[in-house]
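I wanted an overall picture first, then a closer look at a couple of loop positions. My notes follow in the order I looked things up.

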Amino acid sequence: MVQHRIRTHRSSEGPAKEEQLAHRIASVATDPVEVEPSVVEMVGNRIIDNAAVAAASLRRRPVRSARAQATRHPLDPGATIMGTPTPTRVSPEWAAWANGVAVRELDFHDTFLAADYSHPGDNIPPILAVAQHLGKDGRSLVRGIATGYEIQVALVKGVCLHEHKIDHIAHLGPSAAAGIGTLLEPDTEIVYQAIQQALHVTTTTRQSRKGEISSWKAYAPAFAGKMAVESMDRAMRGEDAPSPAYEGEDGFIAYLLGGPDVEYVVELPAPGEVKRGILETYTKEHSAEYQSQALIDLARRLGPKVGDTSKVRAITIHTSHHTHYVIGTGSGDPQKMDPKASRETLDHSIPYIFAVALQDGEWHHEHSYSPERTQRPDTVELWHKISTVEDPEWTERYHATDPNKKAFGGRVVVEMADGSVIEDEIAMADAHPLGARPFTRPDYVAKFRALADGVVSPEEQDRFLALVERLPQLTAEEVHRLSFTEDAATVPRDLPTSKGIF
């Protein structure tokens, strides 16, 4: 790996094009390296994972709305929309939009946390959509997805957006553009311009994940994917982008990140080096913000020890800075303690999540967020007894560069009414590669089967999974069928239709 130092430059001093981060990313994207078997396996896992959470979200309003918008843009050959009752082909940027919303809606697919945080599986919908439209085979698709993950991981490690209240899709636009670049194999110059354009149009504030969180939380990554497709299309037509997008005097670093005096270090593969970034990422067993994954597992473990939760006086979760300030009481968001808050808000509320997991001994992507569950009096009482505090040790472990020391959990102290204290801690979620039950291919398949049950027919599930098993060998036509249709017989008759301008 090669460390690249980036900073703001005055317009009169450069930097040279080859020294700009966007060009270095483009060089990685156009490096014709093959993908090693472990990465191929993981790419397949994440395609299954995305399909699982998309299937579970198909009948939710934001997904129906996005799909309705996309179907207004039919195109042949086009790309497929996941879950339509019959195969529907639309323009690839709109397929990326609809599928991106479906993948992201339940906050239930993969994650990567470092200096910043992300859901690198959001790279898959736009890369797959372009592959389907342009007739790319399975080998090309795998190479493109591997690049999307590689660049996403590198940017998240090297550049913290959160401290400047910039939403993490600012890393997704460039990584998806880079992945599309690997897929299409154009000149490095074209990919360079597409990456800069994608960065320029996907830099938004973090308000989409603050306060009363709305459905835009699912739409934002889909928007970045859509912009990545459009940016590559524009660059391939010979158009360029604001440059240098990262290092410019009035650019990304200078005014949206640390400022002209700050230097960032982004580590990228050397020429000829294989891309293994996807192997550093991890998926979710539970439908909630990743920092809650380990704490849900800990709550399930603590439940029998605590017993009657009405006898709890207080619960304190000692955890990292990020967990405390993003999903804990350090956020200062009263909405995180509101029984009538949106689902998008509650899946970013560790007091709520921990209370329900402690009482129920499980977590469900629908039942755990139902109004009956969120407003249950004994749950509300327990929920409001839970607080978080930042613990320097857990903050240090959160930012550790050694994977064996990195941790996303915390220590929980339960004070009972009788004065007794119950303590326990957890470093990793059970499903994490270093957790108690690391996810492997059978776990991804089981997740897909469970979430697709009653939505996708068993025969259609089998057909989709069989294609993934042969991923690198798929023909272009088979890549076009790397999707699934909804079981029309199971669609509720009273499902509202989405209406808009079109």
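**Overall**

I started with burial: 60% of the 502 residues in the protein are buried. I note that this is a predicted model.

I then looked up the secondary structure and found 20 helices and 10 strands.

Next I checked the dimensions. The C-alpha atoms fill a box of roughly 70 × 60 × 45 Å along the principal axes. The radius of gyration is 22 Å, and a compact globule of 502 residues would have one near 23 Å, so the protein agrees with that expectation.

I also looked at how far apart in sequence the contacting residues are. Of the contacts with a separation of 6 or more, 75% are between residues 24 or more positions apart.

For the surface, I noted an accessible area of about 19,200 Å², with 51% of it belonging to carbon and sulfur atoms. I looked at charge as well: there are 53 positive and 71 negative charges, and their mean positions are 3 Å apart.

**Asp110**

I turned to Asp110, which sits in the loop between helix H4 (92–104) and strand S4 (112–113). Is Asp110 buried or exposed? Its relative accessibility is 0%, and buried means under 20%, so Asp110 counts as buried.

I then asked which polar partners the side chain of Asp110 has. One is the side chain of Arg46, in a polar contact of 2.8 Å. Another is the backbone nitrogen of Gly121, which lies 2.7 Å from a polar atom of the Asp110 side chain.

Arg46 and Gly121 also appear in the list of residues that Asp110 touches, which leaves out those up to four places away in sequence. That list further includes Asp49, Ser118, His119, Pro120 and Tyr149, along with the run Thr281, Tyr282 and Thr283.

**Thr202**

My second position was Thr202, in the loop between helix H8 (188–201) and helix H9 (216–236). Thr202 has a relative accessible area of 0%, so I entered it as buried.

What does the side chain of Thr202 reach? I found the backbone oxygen of Ala198 at 2.6 Å.

Leaving out residues up to four places away in sequence, I listed the residues that Thr202 touches as Ile169, Ala170, Gly173, Pro174, Ala224 and Met227. I also took one C-alpha distance: Thr202 and Phe223 are 21 residues apart along the chain, and their C-alpha atoms are separated by 7.8 Å.

Note on methods:
Residues numbered from 1 in each chain as written. Predicted model: local features only at pLDDT ≥ 70, side-chain atom pairs only at ≥ 80, totals over all residues. Heavy atoms only, no water. Helix = DSSP H or I, 4+ residues; strand = E, 2+ residues; numbered from the N terminus. Rg over C-alpha atoms; globule rule 2.2 N^0.38 Å. Buried < 20%, exposed > 50% of the residue type's maximum accessible area, 1.4 Å probe, protein only. Contact = heavy atoms within 4.5 Å. Areas by Shrake-Rupley, 256 points an atom, 1.4 Å probe, with all protein chains shown as cover. Lys, Arg positive; Asp, Glu negative; His and termini not counted. Charge placed at Lys NZ, Arg CZ, Asp CG, Glu CD. Polar contact = N/O pair within 3.5 Å; in protein donor to acceptor, adjacent residues only side chain to side chain.
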